[in-house]
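I opened a fresh page for this one, to keep track of what I looked up and in which order. Feel free to follow along with the viewer open.

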Amino acid sequence: MDLSIDDKVQALRAEMQDFFARKLPPEFARKTLAGEKLTKEEHTQWHHILAEKGWHVPLWPKEHGGPGWGPMERFLWEEESGLAGAPRLNHVSQDLLGPVLIAFGTPEQKAELLPRIFSSEDWWCQGFSEPQAGSDLANLQMRAIRDGDDYIVTGTKLWTSYAHVSNKIFCLVRTSTDGPKQAGISFLLVDMEQPGVTVSPIYTLGGMLSVNEVQITDVRVPVTNLVGREGGAWDITKFLLGNERLMGAWIGVNMALARQLRYRLEQPGPDGQPRSADAVLARRVAEAETDLLALRYTTYRVLADEMSGKAPGPEVSVIKCRGGEIMQTLTELLMEVAGSEGMAYPASLPHDGAAIVPFELEHAAQNFFDKRKVTIYGGAAEIQRNIIARRLLNV
C-alpha cells in the first residue's frame, strides 16, 4: 500500500480546515455534530457557500464543474468535512446520481440535468427499495411498460431518503420479466411534480423524518429519461452502490463522534470523579477508538487500490459493514457516558434557548435510536457479510 501524501495534497487538507473554520456557519456545525437535521433551506445556503469555492460537487470532474479531485483528495474531503461538522449536501443528487449521469448518461441528459444538480435547483431521491425488495433488489416489482415514446410506471418505493423535499426521483424499474431477474431492470428518471406520485412520510425510531414511501401510479415517463440501455440497470446499480458503500465508512463523522465521546469520558460523573475512572467503560471506549482506527486503515487500502486504477471491489462491503457498526457503538457509548443528561429528548427541551444539557447531548437519545438504521440501508449488514464470504473469503 503506497499512500504517500505529497505537499500539494497536504496543503489542500490545511486549506479545507481553514475554509471550514472561516466559512462554515457555527450553528450549522453545532446542529450537525449534535445529530440534528438541517432544513432544506439551510442545506441550500451551505451549497451556495461551497459553490463560491468550487467544492459543492466534490466527486465531479473539472469538465462538469467539479474540482477534479482524485481519490485521495475526495477522501480528505470526507474526513475533514465530517470532523468539522459540515452538513452533508444532497449527496443523492451530487454524489450518487451525478457520477452516474457522467458515466452512463446521454449528452442530452448531461446537458439538461447536471447543471440543475450543480445549482441545487433539482433535488433527487433514490428509488431502489420496495416493500418486497430491500437488499434483494433483483426482486423489485415496480413496472415500466413501453407505450410509444413513453413508459407507464406503476409501483411503490420504500425507505426513500429525502423524498419529502425532492422534486425528482431515479428509479430501478422492471421493463421485462424474461430471463434472469437482473436482466429485466432499467434505470429511469421520474419527475415527482406530476399527478400519480404520492409521498408518505415515515418517521424513524429516533423521531426523525428522513425516509418516505413513494407511490407511483400510471405515470408517463418519456423514454428519453432512460439512463443506459433498457434492461441494463444492473451495471449502473453496482457502480452507484460501490460509491455509496465506500462513503458508508463515515470516517470523518465517526472521528467527530469519537472526539465527543473522549471529551465526555473525561468529564466528572455523579460522584465527582472522571467517568474514565470506570475501567470497564474506559476500555470499551478505547476498543471503539481502535476499531475506528482499523477501519480508517482498511479504507486507506481501498483508497490505494483506487489510486492505482482499480475499481472499488467487494472490499467496500467491509467498509460499509464496519462503518455502520462503529457508528452505532459510538452513539451507544455516548449515551452511556452522558448518563441522565443523555435522556433529554428534543421535544422536552425548553424553547426559550436555555441550555439544560451540553449541545452534543441535546440529541443523544434521538441520534442513538436513529443510527440503528445505518446497518440496514445501502445493503443490510447481513448481505454485506454474504458478499464478504463469497467474494473475499471464497466460502
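My entries start with the whole chain and then move on to single residues.

**Entry 1: the chain as a whole**

I noted at the outset that this is a predicted model. I looked up the secondary structure and found twelve helices and eight strands in the chain.

Next came the overall dimensions. The C-alpha trace spans about 75 × 50 × 50 Å along its principal axes. I then asked what radius of gyration a compact globule with 395 residues would have. The expected value is near 21 Å, and the chain has 22 Å, so the two agree.

I also checked burial and contacts. Of the 395 residues, 51% are buried. Among contacts with a separation of 6 or more, 74% join residues 24 or more positions apart.

For the surface, I got an exposed area of about 18200 Å², with 53% of it supplied by carbon and sulfur atoms. On charges, I wrote down 41 positive and 51 negative side chains. The centres of these two sets lie 3 Å apart.

**Entry 2: Asn-167**

I went to Asn-167, which sits in the loop between strand 3 (150-157) and strand 4 (168-174). Is Asn-167 buried or exposed? Its relative accessibility is 11%, so Asn-167 counts as buried, the cut-off being under 20%.

I then followed its side chain, which reaches the backbone nitrogen of Trp-123 at 2.8 Å. Setting aside residues up to four places away in sequence, I listed what Asn-167 touches: Glu-121, Asp-122 and Trp-123, and also Asp-191, Met-192 and Glu-193.

**Entry 3: Tyr-162, in the loop between strand 3 and strand 4**

I stayed in the loop between strand 3 and strand 4, where Tyr-162 is also found. Here I stopped at the backbone angle. Most residues other than glycine have a negative phi. Tyr-162 is not a glycine, yet its phi is positive, about 70 degrees. I added that Tyr-162 is partly exposed, at a relative accessible area of 27%.

**Entry 4: Asp-218**

I looked at phi here as well. Asp-218 is a residue other than glycine with a positive phi, near 50 degrees. Asp-218 is found in strand 7 (residues 209-222). Its relative accessibility is 52%, and therefore I marked Asp-218 as exposed, for which the cut-off is over 50%.

**Entry 5: Gln-328**

I moved to helix 10 (residues 315-338), the place of Gln-328. Gln-328 is buried, with a relative accessible area of 13%.

Which backbone oxygens lie 3.1 Å from a polar atom of the Gln-328 side chain? I found that of Lys-371 and that of Arg-372. Beyond neighbours within four places in sequence, Gln-328 is in contact with the run Lys-371, Arg-372, Lys-373, Val-374 and Thr-375.

**Entry 6: Val-57**

I picked Val-57 in the loop between helix 3 (40-53) and helix 4 (71-84). Its relative accessible area came out at 0%, so Val-57 is buried.

For its surroundings, again without neighbours up to four places away, I noted contacts to Gly-65, Gly-66, Pro-67, Gln-94 and Phe-118. I also took a distance to Arg-74: 17 residues away in sequence, and 10 Å from Val-57 in space, C-alpha to C-alpha.

**Entry 7: Arg-88**

I went on to the loop between helix 4 and helix 5 (91-104), where Arg-88 has its place. Arg-88 counts as partly exposed, at 23% relative accessibility.

What does the side chain of Arg-88 make a polar contact with? I found the side chain of Glu-78, at 3.3 Å. I checked His-47 too: Arg-88 and His-47 are 41 residues apart in sequence, with 9.5 Å between their C-alpha atoms.

**Entry 8: Gln-126**

My last stop was strand 1 (residues 124-127), which holds Gln-126. With a relative accessible area of 17%, Gln-126 is buried. I took one distance from Gln-126, to Ala-34: they are 92 residues apart in sequence and 26 Å apart in space, C-alpha to C-alpha.

Definitions and conventions:
Residues are numbered from 1 along each chain as its sequence is written. This is a predicted model: local features need pLDDT of at least 70, side-chain atom pairs count only at pLDDT 80 or more; totals for chains, interfaces and linings use all residues. Side-chain values use heavy atoms; hydrogens and water are left out. Helices (H or I, at least four residues) and strands (E, at least two) are DSSP runs, numbered from the N terminus. Buried means under 20% relative accessible area, exposed over 50%, partly exposed in between (1.4 Å probe, protein chains only). A polar contact is a pair of N or O atoms within 3.5 Å; within protein, one must be able to donate a hydrogen and the other to accept it, and residues adjacent in sequence count only if both atoms are side-chain atoms. Contact means heavy atoms within 4.5 Å. The radius of gyration is taken over C-alpha atoms; the globule rule is 2.2 Å times the number of residues to the power 0.38. Accessible areas come from the Shrake-Rupley method with a 1.4 Å probe; for residues, only the protein chains shown count as cover. Lys and Arg count as positive and Asp and Glu as negative; His and the chain ends are not counted. The place of a charge is taken as NZ of Lys, CZ of Arg, CG of Asp or CD of Glu.
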